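Thanks, everyone. I'll take one strand and what surrounds it, then the ligand, then a few single residues.

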Amino acid sequence: MTAQSAILATETPETHADWRALAERLRTERGLETRAYIDDAFVAAIGGETFTTANPATGEPLAEVASCDAADAEAAVVVARRAFEAGEWSRRAPGERKAVLLRLAELMEAHRHELALLDSLDMGKPVSSAMGDMAGAIGCIRHHAESIDKLYGEIAPTGEDSLGLVMREPLGVVASIVPWNFPLMMTAWKIGPALAAGNSVILKPSEKSPLSALRLAQLTREAGLPRGVFQVLPGFGHTVGKALALSMEVDCLAFTGSTGVGKQLMQYAGQSNLKKVFLECGGKSPNLIFADCKDLDRVAEHAAAAIFHNQGEVCIAGSRLLVENSIREAFVDKVLAAAERMQPGDPLDPASFMGAIVDETQHARILEYIRRGVEEGATLRAGGQALGGEGQNGKGLFIGPTVFDGVTDRMAIGREEIFGPVLAVFGFDTEEEAVRLANDSDYGLAAGLWSQDIDRIMRVTRRLRSGQVFVNNWADMDQTVPFGGVKQSGNGRDKSHHSLEEYSDLKAVWMSLTPAP
Ligand code: NAD
């Protein structure tokens with residue numbers, strides 16, 4: 001560990017005051033890395049442009065960050081291709097790649113408080129939740145590091161005159177474009193398998209949360225990743241993101257973000273070189289509550305956490321609550337009581353369950369959906385207003401847990417992804433109606449169902465059109481289980497060995513076993 005990286009690695013903040021002190025030290029002693037990371041160097045954007053990233057819990061600017069553009073994308077792509085062809089990483093023995101990635105995981109572990117703090121400051125999530133993200137991110141890097149030297153090729157069952165070998169090869173240059181809601185964890189889900197498989201990776205973090213990615217770049221260098229194998233281009237989607245997506249030298253786009261941008265990326269791939277496009281997109285996930293549940297208080301607590309965790313800025317937020325009408329009134333009361341305990345607070349207070357909304361645009365968008373919900377005739381049972389005094393200076397962007405009852409599948413709040421702390425409650429009378437409502441969506445990322453009846457659980461689980469189904473839990477997670485959606489929620493899978501497979505191509509080799517001519 002270098003002297004520089006040791007500054008904050010020794011800190012183990014626990015209390016609100018500890019986290020605030022650490023934030024201050026980060027700013028005054030360390031300083032934040034704000035430049036792009038290209039070809040093993042931290043550099044200004046070629047055009048000299050910068051953008052401001054701000055702390056949404058206080059409204060105060062955090063840093064001026066390099067705003068990369070097409071020229072930076074082009075430069076990084078040349079470097080990535082060169083590194084790939086040189087083979088120092090792409091052809092390195094998997095066991096050696098594993099050692100480097102395990103070192104990276106160790107460094108991330110040593111700096112987990114600092115990385116969590118950067119995400120919390122940059123996008124407003126509670127620091128306790130950001131610490132959970134770090135565990136997921138580090139576990140992901142470790143998992144793929146450990147997997148890569150245990151993957152075997154195949155010998156196909158051909159006739160005896162030939163030998164059919166099936167080998168896995170890295171794709172080449174992978175551009176990974178990620179969102180802001182889980183900045184470092186989404187990054188790890190992409191770069192872990194892509195790097196383990198031997199690719200060169202160019203990361204474009206969201207313009208709303210670039211800081212942890214740049215700190216990670218410093219750690220990859222310290223871990224010993226060869227020059228040019230990992231690069232970070234902060235900047236906007238329509239500039240540097242689009243340039244990467246249109247590049248003829250990028251072999252794969254690994255994307256997490258909105259469905260609209262996912263569709264654009266597929267078009268860019270078609271307009272350029274037919275690069276592979278893995279998409280993890282949006283959701284409007286249904287959570288089905290059947291009247292036979294034994295402990296409705298506990299279910300209500302989970303149903304509230306399913307939407308209010310991370311301020312509702314979660315792709316798999318349980319944003320549609322479908323409740324059997326016979327228990328609906330009582331159940332909604334319990335959800336309201338649980339929501340009351342989840343009010344937002346200063347993200348740096350480890351006791352805060354919710355933090356700040358990422359920026360003014362998202363804040364205004366959420367409030368506009370709430371206005372439309374009222375206008376369309378849903379019943380506002382809780383929340384619905386902008387708050388402000390939860391941060392340290394009264395200027396932050398906060399919205400309390402908001403619950404609408406009496407929502408129908410024709411209302412915007414019942415169909416569209418809001419990406420904020422807004423719960424839409426629907427009623428149903430029969431299992432058939434519950435399944436119909438649950439599947440009546442463009443999205444298919446996650447679904448939950450709560451019941452004691454195993455026959456019903458099996459029937460309904462089979463019929464839900466969703467990449468993942470949570471039975472009597474919401475968002476149980478493990479690195480060993482694939483994560484992704486169907487329909488317009490995307491076509492890729494993060495996590496598990498299935499994601500590792502996405503970052504390699506199959507090569508078939510025919511060896512003739514007859515005497516050589
Ligand atoms: P977004 O689509 O606006 O942006 C995602 C990334 O794409 C950002 O880095 C952005 O700069 C970039 N981008 C935007 N326009 C681009 C363009 N024209 N070309 C190339 N890149 C472009 O999404 P967001 O607001 O950052 O994140 C929220 C969305 O992400 C939600 O829809 C959420 O459901 C989704 N999400 C999905 C998952 C999942 O695993 N399915 C996980 C987290 C978030």
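Ala175 stands opposite Leu253, which is in strand β10. This is a predicted model, so please keep that in mind throughout. The pairing behind that bridge is between β7, residues 173-177, and β10; the two run in the parallel sense, over 4 bridges.

Next, the other neighbour. β10 is also joined to strand β11, residues 276-280, by 5 bridges, and these two strands run parallel as well. One pair here is Ala254 with its bridge partner Phe278 in β11. The connection goes through a helix: β10, helix α10, residues 259-271, and β11 make up a β-α-β unit that is right-handed.

How many residues of β10 are buried? The strand covers residues 252-256, and 5 of its 5 residues are buried. As for direction, Leu253 and Phe255 point one way, while Cys252, Ala254 and Thr256 point the other way, and all of them are buried.

Now the ligand. It is surrounded by 29 residues, the closest being Val178, Glu207, Ser258, Cys281 and Glu417. Two of those have a side-chain N or O atom at 2.6 Å from a ligand oxygen: for Ser258 that is the distance, and for Glu417 it is 2.6 Å too. With Gly257, the partner is a polar backbone atom, 3.4 Å from an oxygen atom of the ligand. On its own the ligand has 850 Å² of accessible area, and the protein covers 91% of that.

Then two backbone outliers. Most residues other than glycine have a negative phi. Gln311 is not a glycine, yet its phi is positive, about 60 degrees. Phe419 is another residue other than glycine with a positive phi, near 65 degrees.

Where do they lie? Gln311 is in the loop between α11, 296-308, and β13, 320-324. Phe419 is in the loop between α14, 412-415, and β18, 422-428. Are they buried or exposed? Gln311 has a relative accessible area of 0%, so it counts as buried. Phe419, at 14%, is under the 20% cut-off and therefore buried too.

Last item: Asp133, in helix α6, residues 127-148. Why is this residue classed as buried? Because its relative accessible area is 4%, and the cut-off is under 20%. Setting aside neighbours within four places in sequence, Asp133 is in contact with Lys125, Phe182 and Met185.

That's what I have. Comments are welcome.

Key
Residues numbered from 1 in each chain as written. Predicted model: local features only at pLDDT ≥ 70, side-chain atom pairs only at ≥ 80, totals over all residues. Heavy atoms only, no water. Buried < 20%, exposed > 50% of the residue type's maximum accessible area, 1.4 Å probe, protein only. Contact = heavy atoms within 4.5 Å. Pairing = 2+ DSSP bridges. Right-handed = clockwise from strand over helix to strand, strands pointing away. Near = heavy atom within 4 Å. Polar contact = N/O pair within 3.5 Å; in protein donor to acceptor, adjacent residues only side chain to side chain. Areas by Shrake-Rupley, 256 points an atom, 1.4 Å probe, with all protein chains shown as cover.
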